[in-house]
Amino acid sequence: MRILKIFIGVGGVVAFLAVCLVATSSLSSFAQTDPIIGTWKLNLAKSKYNPGPPPKSQTLTYEAVGQGVKVTNKIMGAEGKPIDIQFTANYDGKDYPVTGNPDWDTIAFKRIDAYKVEVTRKKAGKVVSTNTRVVSNDGKTMTITEKGVNAKGENFSNTLVFEKQ
């Protein structure tokens with residue numbers, strides 16, 4: 001009987017440690033499983049800009065931060081002027097401040113599923129554009145469809161296709 005108690009005691013400790021290990025690795029890998037995390041480059045040939053012109057280049061970098069992401073958006077504008085946009089936002093539908101963009105000053109993310117996010121951009125509290133961001137099931141392509149009004153008051157409707165680097 002004493003041997004059985006020792007065996008159960010050791011087995012219980014092993015089982016407890018296994019549960020702790022699984023729980024810890026699940027929490028730390030949560031952010032790593034978000035398919036958006038990483039660097040994405042715009043594929044100009046597959047993207048459509050209405051009215052245009054498109055930028056010369058664009059690179060988006062997503063880093064996991066808490067329950068959300070830190071985004072760095074580096075754009076070389078059509079006129080050759082660099083634009084650097086940065087923000088950190090959670091997937092809770094709340095507005096978060098944005099720096100570096102003349103068209104909008106806050107952004108809100110609402111996660112639909114692991115691959116799809118709805119985005120609302122505002123300028124001075126007024127919605128100026130919305131978009132849907134979808135990462136392909138294989139995690140290699142991201143498509144952003146966006147509609148809104150830019151700082152010049154022009155309506156736009158764009159489809160941006162990015163490839164993961």
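**Strand pairing, selected residues and the largest pocket**

Within strand β11, F162 is the bridge partner of L42. This contact belongs to the antiparallel pairing of β1 with β11 (residues 155-164), which runs over three bridges. The model is predicted, and local features need pLDDT of at least 70, side-chain atom pairs count only at pLDDT 80 or more, and totals for chains, interfaces and linings use all residues. Residues are numbered from 1 along each chain as its sequence is written, and side-chain values use heavy atoms, with hydrogens and water left out.

Strand β1 (residues 38-42) also pairs with β3 (residues 57-65), again in the antiparallel sense, over four bridges; two strands pair if DSSP finds at least two bridges between them. In this second pairing, G38 has Y62 of β3 as its bridge partner. Overall, the protein chain holds one helix and 11 strands (DSSP runs numbered from the N terminus, helices being H or I of at least four residues and strands E of at least two). Along the sequence, the helix precedes the strands, in the pattern α-β-β-β-β-β-β-β-β-β-β-β. Of the 165 residues in the protein chain, 32% are buried (under 20% relative accessible area, with exposed over 50% and partly exposed in between, for a 1.4 Å probe and protein chains only). Among contacts between residues at least 6 apart in sequence, 29% join residues at least 24 apart, a contact being heavy atoms within 4.5 Å.

The loop between β5 (82-90) and β6 (96-97) contains D95. D95 counts as partly exposed because its relative accessibility is 38%. Residues up to four places away in sequence aside, D95 touches T106, I107, A108 and K122. With K122 the side chain of D95 makes a side-chain polar contact at 3.0 Å (a pair of N or O atoms within 3.5 Å; within protein, one must be able to donate a hydrogen and the other to accept it, and residues adjacent in sequence count only if both atoms are side-chain atoms). The C-alpha atom of D95 is 9.2 Å from that of G125, 30 residues apart along the chain.

N101 lies in the loop between β6 and β7 (106-111). Its relative accessibility is 14%, so N101 counts as buried. The side chain of N101 reaches the backbone nitrogen of D103 at 2.6 Å, and a polar atom of that side chain lies 3.4 Å from the backbone nitrogen of W104. Beyond its neighbours within four places in sequence, N101 is in contact with I85 and K123.

Three backbone features occur in loops. Most residues other than glycine have a negative phi, and most peptide bonds are trans. A cis peptide bond joins N50 and P51, with omega about 20°, and the bond from G52 to P53 is also cis, with omega near -5°. P51 lies in the loop between β2 (48-50) and β3, as does P53. A124, although not a glycine, has a positive phi of about 55°. This residue is in the loop between β8 and β9, and A124 counts as exposed because its relative accessibility is 72%.

D103 also appears in the lining of the largest pocket, where I75, I83, D103, E146 and N158 lie nearest the centre among 42 lining residues. Strands that each supply at least two residues of this lining include β3, β5, β7 and β11.

Key. On a 1 Å grid over the protein atoms alone, a cavity is a set of points where a 1.4 Å probe fits but cannot get out, and a pocket is an open set with protein on both sides within 12 Å along at least five of seven lines; lining residues have an atom within 4 Å of a point.
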